[in-house]
Amino acid sequence: MKKLLLSSVALCGLAFAAPAMAGDHDGGVKLDLGGFYKGYLTYIDQDTSAGLEERNLDWLQSTEIHIGGETTLDNGLTIGTHFEFEVDGDESADVQESYAYFSGAYGRINTGAENGAVYLLQVAAPSADSNVDGIRQYVNPVNYAITDYSGMADGFTTGEFIGATSATAGAVNFAGTGTVSLFTELDYDDDVSGYSNKITYLTPVFPVFSGFQAGFSYTPENDGSNRELDGVHADDNAGQYGDVYEIALRYAGEFDGFGVALGGGFTHNQLEADIAAGSIYIEDGTTAGFQAAEDTNIGLDDRQSWNVGMDLDISAFGLGVAYVADDMGIDGNADRDTVVVGLDYTNGPWKLGASYLNQQQELIGTDELDTDRYTGGVVYTYGPGMTFRGSISYIDHETDTLGDVEATSVLLGTQINF
């Protein structure tokens, strides 16, 4: 049951009362430093294009620094801030999250660049190593840029669609922002709005129906960027996605040692205006050239996604399943459906886990990308916030026109939280 409680974002909420300042709050919120380091020695054997070879042995890592803090006023209102920086970007540190929150007896409100309610309340399946086969894949050993799928690595872009574009067989690439990649990670997080600035309200865990929590989010502009005080976004831009509305519900409870978590969420992302004729380039084996969206099989539309998930804990065993459906905001042959099944066994500092992922991605024309991933692994906790991790994973991608890509990887690494 501890795992269910830790995986939930069931946080107490906002107290709607006038602030009452205590004497020791004159300095405002005191910030603390945190973050994580994830590093892996990686062996992989994968399919590549003719004349190209993969490096079988390599080192992969992901590191973030987190800064945040909170203070509680005399009336019970908690005010906090949180910032996250990715620090594996050569000489730069990219800001990932930047938001403030207010919580109390009536729920919690997040304001700024943070994930929306659908992701925050999403139920994940157990994993072999959550960095490899979890709801978000932090470490991906496969290099798709050297496979026959390299032209599809940028996937479908759902942002600014006006301008010069290019495409390869079986895929379409638009000019602009907000790329949704087919291959960068095999995530199954339902997170259409990403880190775009938004307002999120999370209810407290309902006392009448113990264990239930709901969440709602509104994102004015889904462009993935933080907005400073230099003016608002433009509206009604052709081919650009704007307002995002999210609603989610989650339940977590325990009965005589049997733990259960259930959840689901729905997201609607509004297309501001149709794109102009001649702004999309398509090459699917039968059609090529710049064409109007309404004259092709891939017209743009509002983007919708939804997810459901269940996680069960029986003594030391865990079993769960998650499903995510996303139409990608593209009419005709672009839907992506992902199902994940996972199980684990925990014994003291040891956790054994395994998962299976199947993802079906419709492509331009009549083709489809079918992906199967099988992963098994072990996690050993050797200190507070410190784990050794090992996993073996096999991935098989299949398409009719581009053939198959297979990869087998072995990862040995550590995660250090600080």
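Rings of Phe, Tyr and Trp (its six-membered ring) form an aromatic pair if their centres lie within 6.5 Å; planes under 30 degrees apart count as stacked, over 60 as edge-to-face and the rest as tilted. The structure is a predicted model in which local features need pLDDT of at least 70 and side-chain atom pairs count only at pLDDT 80 or more, while totals for chains, interfaces and linings use all residues. Residues are numbered from 1 along each chain as its sequence is written, and side-chain values use heavy atoms, with hydrogens and water left out.

**Exercise 1. Aromatic pairs**

State how many aromatic pairs the structure holds, and classify the pair W306 and Y323.

Solution.
1. The structure contains 10 aromatic pairs.
2. The ring centres of W306 and Y323 are 5.2 Å apart and the planes stand at 55°, so this pair is tilted.
3. W306 belongs to strand 14 (residues 303–314) and Y323 to strand 15, and the pair links distant parts of the chain, 17 residues apart. Helices (H or I, at least four residues) and strands (E, at least two) are DSSP runs, numbered from the N terminus.
4. W306 is partly exposed at a relative accessible area of 38%, and Y323 is likewise partly exposed, at 26%. Here buried means under 20% relative accessible area, exposed over 50%, and partly exposed in between (1.4 Å probe, protein chains only).

**Exercise 2. A cluster of tyrosines**

Describe the geometry of the pair Y356 and Y374, and identify the cluster to which these residues belong.

Solution.
1. Y356 and Y374 form a tilted pair, with 5.0 Å centre to centre and 35° between the planes.
2. Y356 lies in strand 17 (residues 350–362) and Y374 in strand 18 (residues 368–383); the two residues are 18 residues apart.
3. Y356 is partly exposed, at 27% relative accessible area, and Y374 is partly exposed, at 43%.
4. Ring pairs join Y356, Y374 and Y394 into a cluster.

**Exercise 3. Charges over rings**

Find the ring over which the charged end of R108 sits, and the ring whose face K38 lies over.

Solution.
1. A charge sits over a ring if NZ of Lys or CZ of Arg is within 6 Å of the ring centre and within 35 degrees of the ring normal.
2. The charged end of R108 is placed over the ring of Y101, 4.0 Å from its centre.
3. K38 lies over the face of F36, 4.2 Å from the ring centre.

**Exercise 4. Salt bridges**

Determine how many salt bridges the whole structure has, and locate the partners of R389, R136 and D326.

Solution.
1. A salt bridge is a side-chain nitrogen of Lys or Arg within 4 Å of a carboxyl oxygen of Asp or Glu. The search of the whole structure finds 4.
2. R389 pairs with D129, with the closest N and O atoms 2.6 Å apart. R389 is in strand 19 (residues 386–399) and D129 in the loop between helix 2 and helix 3 (130–133), 260 residues apart; both residues are buried.
3. R136 meets D189 at 3.0 Å, N to O, and both are buried. A network of salt bridges links R136, D189 and D191.
4. D326 meets R303 at 2.5 Å, N to O. D326 lies in strand 15 and R303 in strand 14, so the salt bridge ties together parts that are 23 residues apart in sequence. D326 and R303 are buried.

**Exercise 5. The nonpolar core**

Name the residues that touch the most other members of the largest nonpolar core, and the element that supplies its largest share.

Solution.
1. A nonpolar core is a set of buried Ala, Val, Leu, Ile, Met, Phe, Trp, Tyr and Cys residues joined through side-chain atoms within 4.5 Å.
2. The largest such core has 14 residues, of which Y188, L202 and V340 touch the most other members.
3. Helix 2 (117–120) and strand 15 (317–326) each supply at least two residues of this core, and the largest share, 4 residues, comes from helix 2.
4. Beyond its neighbours within four places in sequence, Y188 is in contact (heavy atoms within 4.5 Å) with residues including I135, A322, V324 and V340.

**Exercise 6. Positive phi and confidence**

Compare the settings of S315 and M328, then assess the confidence of the chain.

Solution.
1. Phi is positive in both residues, near 55° for S315 and near 65° for M328.
2. S315, in the loop between strand 14 and strand 15, counts as exposed at 68% relative accessibility. M328, in the loop between strand 15 and strand 16 (336–347), counts as buried at 0%.
3. The mean pLDDT (the predictor's confidence in each residue, from 0 to 100) of the chain is 81, and 73% of residues reach 70 or more.
4. Confidence is highest in helix 2, at 98, and lowest in strand 7 (residues 179–180), at a mean of 41. Over residues 4–25 the pLDDT is below 50.
5. Where pLDDT is low, the predicted coordinates should not be read in detail.
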